[in-house]
Amino acid sequence: MPRWLYYLSGMAVVAPAISLIWGLEQAPLAIFICSTLTLIPLAALIGRATEDLEYYVGPIAGGLLNATFGNAPELIIGIFALNDNLISVVQASLTGSIISNSLLVLGSALATGGWRWGRQYFNARDAGQYSAMMVLAVAGLMIPTTGSLVIHDSSRLRSISVAIALVLLVVYGLYLAAHIFRVRSERRNPRHRGTTIKLLPDPDPDENGGVEALSGQIDPHLEARRKPKLWLTLALLLLITLGTAWNSELLVGTIEPVTKLLGWSPVFVGLVIIPIVGNAAEHSSAIYIALHDRVDLSMAIAAGSSIQVATFVAPLLVLVSVFFTQPLLLVFQPLELVILGLAVLLFLVISLDGQSSWLAGIQLIAVYVIACIVFFFIPG
């Protein structure tokens, strides 16, 4: 985790302090900015804490914890937005997160990595599996929206959304299990040692306990990492989650006054601002990895985050919304789905030949900028 994220985490108390002193009505813009910046390091810290828990719960349970808490900012923001009946903001944040990962995060990684190394190579088979999951995820969002053109009964649309949400959660669970079993088999295979990155130090005391850096050498910062203390990890995870919940509540509470003050659309905040904040940790990791000529891992980060949002976060929010007055339906705006479909199509095209360049990254970023321009001018 970059050091600047640790420094930025000190802002976790700034937005709550402003809200307690002046209130949401007096300083909504300041609270909005501070809470937005605070969620960036908190999301990274949650990911780090869940990785530490894998020492004690094992890879399968650790993967489930990482999937749950790794998307905690999106989930918590979505729950508070549902509570405030900001359904359009929740829907926009879901599609915006997938678009941001597929276009901005991956595009930045390909552009920076390609600029430094020229042409970069990755496993086309793995990228094809990511593409298939992303197509499935987008289908889970597009098909009910298309069905809403002929099904106008809200109760039926609600039942359809809940049923599709359950299907997506089952598929995501199987996808996660297959991924974890594959990682475990690769770690057991000696031929993969030195080429597969160890996300965590080996708990076996007979091993060196180090972590291989992306360049193939030992990173001194990671080498010094030791087995974490369970009580400290749990305490930090609880504290960070509470801080994320508090700042997320403040962020959602300031969306309406800030958008009225700045003349923005709440949909723009959901499509652009919230996804960039929630994906900041993945964004920096993907660029750092691509700069070390491991663009295959950058693609895994971008695709994995998109798959998690579409097959885990969105279905879970649909099920949670059953307990609120206004349910969340898997029925989205046509503009969001068109751009979402283009993002997945571009990812599929780039992953066909197993190689990429900086120009491909620029093309992805250009599509994202074009989409943001349209999102910005959506009427409030």
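Leaving out neighbours within four places in sequence, Gln91 is in contact with Leu328, Leu329, Val331, Phe332 and Glu336. This is a predicted model. Gln91 sits in helix α5, which covers residues 87–117. Its relative accessible area is 10%. The cut-off for buried is under 20%, so Gln91 counts as buried.

Now turn to the aromatic rings. The structure holds six aromatic pairs. One of them joins Trp264 and Phe268. The two rings meet edge-to-face, 5.4 Å centre to centre, with 75° between the planes. How exposed is each partner? Trp264 is partly exposed, at 23% relative accessibility. Phe268 is buried, at 8%.

Phe268 also pairs with Phe376. That pair is edge-to-face as well, at 5.3 Å centre to centre and 85° between the planes. Which helices does it link? Phe268 belongs to helix α10 (residues 266–278), and Phe376 to helix α14 (residues 358–376). The pair therefore ties together parts that lie 108 residues apart in sequence. Phe376 is partly exposed, with a relative accessible area of 36%. Trp264, Phe268 and Phe376 join Phe377 in one aromatic cluster.

Next come the enclosed spaces. A search of the whole structure finds two cavities of 30 Å³ or more. The largest holds about 50 Å³ of space. Its lining is made up of Glu74, Ile77, Gly78, Ser93, Leu94, Ile274 and Val309. Helices α4 (72–83) and α5 each supply at least two of these residues. Helix α5 is also the helix of Gln91. Which element gives the most to this lining? It is α4, with three residues. By type, the lining of the largest cavity divides into four nonpolar residues, two polar and one charged.

The second largest cavity holds about 40 Å³ of space. Ile98, Met134, Ala137, Val138, Ser306, Ile307, Ala310 and Val344 line this cavity. Here the elements giving two or more residues are α6 (124–147) and α12 (295–320). What is the chemical make-up of this second lining? Seven residues are nonpolar, one is polar and none is charged.

Conventions: Residues numbered from 1 in each chain as written. Predicted model: local features only at pLDDT ≥ 70, side-chain atom pairs only at ≥ 80, totals over all residues. Heavy atoms only, no water. Helix = DSSP H or I, 4+ residues; strand = E, 2+ residues; numbered from the N terminus. Buried < 20%, exposed > 50% of the residue type's maximum accessible area, 1.4 Å probe, protein only. Contact = heavy atoms within 4.5 Å. Phe/Tyr/Trp six-rings, centres within 6.5 Å; stacked < 30°, edge-to-face > 60°. 1 Å grid on protein atoms, 1.4 Å probe; cavity = no way out; pocket = protein on both sides within 12 Å on 5 of 7 lines; lining within 4 Å. Points joined across faces, edges and corners; volume = space filled by probe spheres on them. Nonpolar A, V, L, I, M, F, W, Y, C, P; charged D, E, K, R; others polar.
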